[in-house]
Amino acid sequence: MSDPVVGESGSCRVRVAGKFFRAGEEKFYIRGLTYGPFSPGGEFPGLKHGVELEADLASIVATGANTIRLYESPPEGFLDVCAEHGIRVIVGVSWPDHVDFINQEGLLDSCLEKLRQAVIAHRGHPALLGYFIGNEISATIVRWLGPHRVKALLEELIVIGRREDPHALFAYANYPSTEYLNPENADFIAYNVYLEGEEEFTRYVARLQNIAGDKPLVISEFGADSLAMGMNDQARVIASGVDACIHGGVAGVLVFAFTDEWHRGGADVTGWEFGVFTRQREKKPSYDLLKSRFERMKSGAGAVKLSQVPRISVIICSYNGSATLRDCLESTARLCYPDFEVLVVDDGSSDSLADLVSGFPEVRYIYQEHAGLGVARNRGAAEATGEVLAYTDDDCVVDEDWLHYLAAGFEKNEFSAVGGPNISPLPVNRTEACVAVAPGTPAHVLLDDRIAEHLPGCNLAVTREAFDAIGGFSAEYVAAGDDVDFCWRLQDAGFVIGFSPPAMVWHRRRISVMAYLRQQIGYGRAEAILIGEHPERYGMMGGARWRGIVYCGNRGELSLASRIYRGVFGYAAFQAVYAPAESDFFRISTGVHWVMVTAFIGCAGIFLSPLLPAALLMGCCTLFSALKQSWRSRIDPGYAGPRSRAILTMLCLAQPVLRGAARSLGAVHGGSAPRGPFRPGNFLRLPKPALGKRVGRLQIWSEKGLGRDLLLAETTLSLQRSGLAFVLDNGWKDWDLEVKNDPLWRVQLTTVTEYHGDDQCLTRARFASKATGLNLVLNVVMALLLVAFAWGHSHRLVWLGSIYLIWWGFLEIRHRQLVASLSTLVTNVARDAGFNRVDL
């Protein structure tokens with residue numbers, strides 16, 4: 001066979017580049033269809049081969065697709081055939097994710113080994129785009145196993161795969177019912193989404209873009225069932241869905257499926273017809289509409305049609321920024337937009353800025369005596385000829401489609417200002433890698449998925465009308481803070497600010513510790529001015545009170561303090577993670593006021609020794625808060641390690657002190673002071689500890705398709721007949737019901753059903769006990785009494801310790817009795833309801 005050849009962008013490996021993919025230097029938009037699995041047999045088990053495969057791939061290429069998604073790892077030779085047709089392949093690695101894959105002996109190791117063998121088999125193939133290391137793990141299975149454990153497994157799978165093929169892309173195909181389950185080390189974020197309305201799909205894509213953060217978003221499955229809704233409605237749904245993906249700036253879309261022929265669970269699926277082709281490979285009406293959308297996607301951002309093309313003035317203000325300005329201007333030369341101009345406003349630089357700009361004849365150079373950033377931005381606007389003013393910084397590199405996506409944001413919404421994410425490029429050294437995730441870096445603040453409260457000035461476009469209406473930027477801001485003031489004044493005047501996820505720029509972070517700290521001091525001085533201009537937007541301690549959510553990197557990530565809304569018994573179709581508000585304690589304990597008080601008490605402790613423990617405790621609180629913030633930040637893998645973590649911790653300690661000091665000194669000098677009430681209710685907001693024990697399991701088999709719904713319904717009735725007090729899951733719990741008739745213990749029941757085909761169902765039941773408030777109080781009282789009686793009387797320790805052991809033994813026996821009682825009740829219920837077997 002001749003060497004494989006991949007058509008689009010040659011044989012270059014596809015890589016991640018911000019919110020998009022690139023193959024070589026060209027953007028690569030995934031336009032794809034899912035393929036298979038089919039009936040086993042033949043040269044490629046589960047896949048077509050020979051003439052049938054050649055015909056299928058030719059039909060796929062005819063739709064305009066450049067990618068197929070497989071659900072099984074293909075055998076040797078399959079990718080060669082795909083390469084000859086110019087098709088990239090995303091390989092799915094299937095494993096038994098419908099069962100308890102963590103606790104069953106040997107199952108987890110086999111999953112890891114299966115992925116490793118699949119990656120080794122296809123390593124380096126030119127047709128390989130990447131791998132899906134899992135697909136739609138059931139929400140009830142995730143609830144049963146625990147989302148943190150499942151997420152850790154997915155991340156381990158990616159680590160193993162990347163170890164075998166460092167250049168391949170890895171992701172997990174998620175779905176809305178486990179929206180929160182995104183591996184942090186995935187190369188891109190992928191979701192299977194089935195929504196029939198274009199507006200609903202558009203809104204959900206906007207939400208997913210914010211969950212994806214700085215990573216590309218791929219819709220890994222989307223389609224409609226022509227058997228249920230008819231072929232014409234199927235075509236409409238597919239066309240509107242792809243349109244929503246195009247306008248939402250996704251990096252790729254995979255339509256489910258190529259054909260109605262589909263094999264699953266040992267049998268052909270005949271109750272669904274999601275294919276663009278019938279089983280006999282006849283085109284459906286959806287074929288032509290899909291082909292037209294894929295043809296549009298070949299033009300990249302040009303797929304988003306503009307009815308009007310406003311003239312846009314790109315304004316770059318620079319003060320001694322020649323070290324980074326060249327890269328910025330070179331990126332503006334690559335902009336793909338028909339009507340724009342580029343202006344560089346030199347704010348009195350002392351370096352060779354004018355000579356540098358002279359090498360770009362299409363750029364207008366404007367010089368002014370040094371007057372500050374706000375004045376420079378206004379000077380650029382005064383000289384500009386565009387209907388839209390687009391601002392970026394001299395240390396940014398703009399995406400070639402930046403202006404197109406900004407213009408689309410204005411056209412399709414009632415926005416007066418639009419901006420997108422500013423993404424940190426790959427760091428050039430360890431310090432930049434740490435600064436990129438350190439506190440205080442520029443970030444956008446969103447009121448919802450599409451409307452912003454604040455956009456950084458490095459990626460901010462505004463209409464001329466809105467700019468003039470509020471009088472432009474304030475001249476008071478000489479280095480920072482001008483964009484915050486500008487956005488707040490826009491909103492106060494009734495204008496709406498929009499957010500466009502694909503309108504991205506690369507924003508280089510500071511590459512030295514001193515440069516970063518100087519930047520934060522500048523931010524603090526700017527905040528002193530902002531406090532005087534907008535006192536209602538600042539709290540008592542001087543921190544900004546955003547009405548929206550500050551977005552940095554990836555949102556929707558799980559933390560130990562996260563709460564998940566799963567719906568009753570874990571059945572909600574859209575399950576979201578809610579991060580609690582950050583405790584004021586963690587913010588205040590690293591602030592300048594806290595540190596000053598700690599230092600004062602420490603100095604006083606030199607003369608009054610009892611004060612030293614208080615100073616030490618306060619210092620430990622500061623260090624703990626910095627360590628906590630450092631630990632939660634994900635440093636670039638190329639620089640991760642103890643040394644980087646130590647640098648980041650130091651930045652987390654220094655940044656709030658220096659920025660707060662600059663803010664406070666500026667506020668005093670400027671005659672303004674922090675405003676707003678203090679909220680004591682948020683001062684010690686800490687995660688609630690889970691004080692409980694898991695002490696029992698049942699395995700309940702059924703050969704008649706009976707599952708947890710029947711078991712829970714019958715258990716509820718039995719508890720009611722027994723007169724036992726209980727509560728059911730309200731959608732926020734990780735258990736199904738809780739029996740609460742005992743004053744010392746609550747007993748919880750959690751269930752999950754595994755489906756093994758042919759009406760074979762295994763329902764797992766888990767029992768756990770949780771201490772009540774009275775139980776905790778009695779334990780504390782008992783401990784205090786023991787300490788009081790034993791103080792100064794060491795001979796009492798033995799018999800007092802014996803008393804406590806008796807008390808502890810009573811509690812242990814009591815909770816086991818309660819668990820055994822509920823376990824017996826569930827066992828009897830299962831047998832009476834017609835389940836076949838109950839195993840311990």
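**Exercise 1. Find the residue that follows helix 16 and give the sign of its phi.**

Solution. Helix 16 is followed by Gly494. Its phi is positive, near 95 degrees. Keep in mind that we're working with a predicted model here.

**Exercise 2. Work out how far helix 16 is enclosed by the rest of the structure.**

Solution. Start with the span: helix 16 covers residues 482–492. Next, go through the buried residues, which run Asp482, Asp483, Val484, Asp485, Phe486, Cys487, Trp488, Arg489 and Leu490. That's nine of the eleven residues, so helix 16 is largely enclosed by the rest of the structure. Zoom in on one of them: Cys487 has 0% relative accessibility, and with buried meaning under 20%, Cys487 counts as buried.

**Exercise 3. Decide whether Cys487 and Cys317 sit in disulfides, and give the total count of disulfides.**

Solution. First, recall what we're after: a disulfide is a covalent bond between the sulfur atoms of two cysteines. The cut-off to apply is a pair of cysteine sulfur atoms within 2.5 Å. Take Cys487: the closest cysteine sulfur is in Cys458, 11 Å away, so that's too far for a bond. Now Cys317: its closest cysteine sulfur belongs to Cys328, and at 11 Å that pair is too far for a bond as well. Cys317 is buried, by the way, with a relative accessible area of 9%. By the sulfur rule, the count comes to zero disulfides.

**Exercise 4. Describe how helix 6 packs against helix 8.**

Solution. Get the geometry down: helix 6 (residues 198–212) and helix 8 (residues 231–247) have axes 9 Å apart and pack at an angle of about 30 degrees. Angles under 35 degrees count as roughly parallel, so helix 6 is roughly parallel to helix 8. For the handedness, helix 6 passes helix 8 in a right-handed crossing. Then list who touches whom: helix 6 brings Glu198, Phe201, Thr202 and Val205, which meet Ser240, Gly241, Asp243, Ala244 and Cys245 of helix 8. Sort the residues of this contact and you get four nonpolar, three polar and two charged.

**Exercise 5. Locate Leu658 and find its contacts beyond its neighbours within four places in sequence.**

Solution. Leu658 lies in helix 21, residues 642–670. Its relative accessible area is 30%, which makes Leu658 partly exposed. With the neighbours within four places set aside, Leu658 is in contact with Leu517 and Ile521. Check the Leu517 pairing: Leu658 and Leu517 are 141 residues apart along the chain, yet their C-alpha atoms are separated by 7.4 Å.

Terms used:
Residues are numbered from 1 along each chain as its sequence is written. This is a predicted model: local features need pLDDT of at least 70, side-chain atom pairs count only at pLDDT 80 or more; totals for chains, interfaces and linings use all residues. Side-chain values use heavy atoms; hydrogens and water are left out. Buried means under 20% relative accessible area, exposed over 50%, partly exposed in between (1.4 Å probe, protein chains only). Helices (H or I, at least four residues) and strands (E, at least two) are DSSP runs, numbered from the N terminus. Axes are lines fitted to C-alpha atoms, for helices over the stretch in contact, and angles run from 0 to 180 degrees between N-to-C directions. Angles under 35 degrees count as roughly parallel, over 145 as roughly antiparallel, 65 to 115 as roughly perpendicular and the rest as oblique. A crossing is left-handed if the near helix is turned anticlockwise from the far one by less than a right angle, and right-handed if clockwise. Contact means heavy atoms within 4.5 Å. Ala, Val, Leu, Ile, Met, Phe, Trp, Tyr, Cys and Pro count as nonpolar, Asp, Glu, Lys and Arg as charged, and the others, Gly among them, as polar.
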